[in-house]
Each structure stands twice: as C-alpha cells, then as structure tokens.
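Please read the points below with the sequence and the coordinates open beside you. They are meant as a colleague's note.

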Amino acid sequence: TTNEIVVNVLPLPDHPSGEFNGGVGKLRISTELSPMEVTTDDAISLQLTITGNGLSKYIQAPKLDLQDAFEVYDPTEISKQDFIRDGYITGSKTFEY
C-alpha cells in the first residue's frame, strides 16, 4: 500500500484547426538549413529538432506550407531520445525535410 497522492491534470489545449497531434509539454523548436547557398534547382535540407519536457513519441513532424515555392518531400525522422532529468521526462525528435 502507498500513501494517497493528488494529481492535478490540466485539460488539453483547444485547437480549432484540428491540427493537434497529441504532443504535450514545454517544447522548443530549432532548425538547421544546408547548404546555405544554392542555385536554381539545387536541393536543400531542413532539419527541425523539437526538444523539451514530454514524451517525444507523441510528437509528429509539422507540415510545411511553402505555397508551391518549393517542392517538399515527406520528412524523415532521423533521431529520437527520451530520458528523465530532474523528475521530468525529457525528449527530443529531429526531422529532415
């Protein structure tokens, strides 16, 4: 047996657009673009990394809307980590477009 504990659960945020994918937590996004100089018809790679408190398994690749300016392929998940730090589940996921 254990002592009783109280858990306060906050409601999920409202997303009228319907784009909510289940990832919750305090998250940060960073990007890296390469190469930095290109000419017409050169391919570029955008790496987008999402890190913070929360399980990374629920984080999905954001959709890029570049309005026909670029041909965008489906992203590839290139890395994922989850670990516990200071009592929080901390995660990271990197996608490459």
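The numbered points that follow take up strand pairing, the salt bridge, the core, the surface and the backbone in turn.

1. A word on the source comes first, since every value below has been computed from a predicted model and should be read in that light.

2. The pairing of the strands can be followed from β1 onwards. Strand β1, which covers residues 26-34, pairs with strand β2, residues 45-53, in the antiparallel sense, and nine bridges join them. One of the positions to look at is K26, whose bridge partner in β2 is N53. Strand β2 is also joined to strand β4 (residues 88-96) by seven bridges, and these two strands run antiparallel as well. Here G52 has G91 of β4 as its bridge partner.

3. Strand β4 has a further partner in β3, with which it pairs in the antiparallel sense over nine bridges. In this pairing K80 stands opposite K93 of β4. The hairpin of β3 and β4 has two residues between the strands, and within this hairpin D86 takes a positive phi near 55 degrees.

4. How many salt bridges does the structure hold? There is one, and it is formed by the side chains of E77 and K93, with a distance of 3.5 Å from N to O. Because E77 belongs to strand β3 and K93 to strand β4, the pair ties together parts that are 16 residues apart in sequence. As a matter of background, side chains of opposite charge can pair when their charged atoms come close. The two partners are covered to unlike extents: E77 counts as partly exposed because its relative accessibility is 42%, whereas K93, at 5%, counts as buried.

5. The largest nonpolar core consists of five residues, namely L48, I50, I59, F95 and Y97. In soluble globular proteins, nonpolar side chains tend to be buried together. Y97 is worth selecting in the viewer, for its contacts, leaving aside residues up to four places away in sequence, include L48 of this core and also I44, S45, L46, A61, P62, L64, V72, Y73 and P75.

6. Is S92, a residue of strand β4, buried or exposed? It counts as buried, because its relative accessibility is 14%, which falls under the 20% cut-off. When residues up to four places away in sequence are left out, S92 touches T49, I50, T51, S56, S79, K80 and Q81.

7. On the surface, a nonpolar patch is formed by L33, M36, V38, I44, L64, L66, F70 and V72, which together have about 690 Å² of accessible area. One of its members, L66, is found in the loop between β2 and β3, and L66 counts as partly exposed because its relative accessibility is 36%.

8. The loop between β1 and β2 deserves a careful look at the backbone. P35 lies in this loop, and the peptide bond leading from S34 to P35 is cis, with omega near -10 degrees. D41 lies in the loop between β1 and β2 too, and although D41 is not a glycine, its phi is positive, at about 70 degrees. Most residues other than glycine have a negative phi, and most peptide bonds are trans, so both features merit a check in the viewer. D41 counts as exposed because its relative accessibility is 78%.

Terms used
Residues numbered from 1 in each chain as written. Predicted model: local features only at pLDDT ≥ 70, side-chain atom pairs only at ≥ 80, totals over all residues. Heavy atoms only, no water. Pairing = 2+ DSSP bridges. Helix = DSSP H or I, 4+ residues; strand = E, 2+ residues; numbered from the N terminus. Core = buried A, V, L, I, M, F, W, Y, C linked by side-chain atoms within 4.5 Å. Buried < 20%, exposed > 50% of the residue type's maximum accessible area, 1.4 Å probe, protein only. Contact = heavy atoms within 4.5 Å. Patch = residues over 30% accessible without salt bridge, like charges linked within 9 Å, V, L, I, M, F, W, Y side chains within 5 Å. Areas by Shrake-Rupley, 256 points an atom, 1.4 Å probe, with all protein chains shown as cover. Salt bridge = Lys/Arg side-chain N within 4 Å of Asp/Glu carboxyl O.
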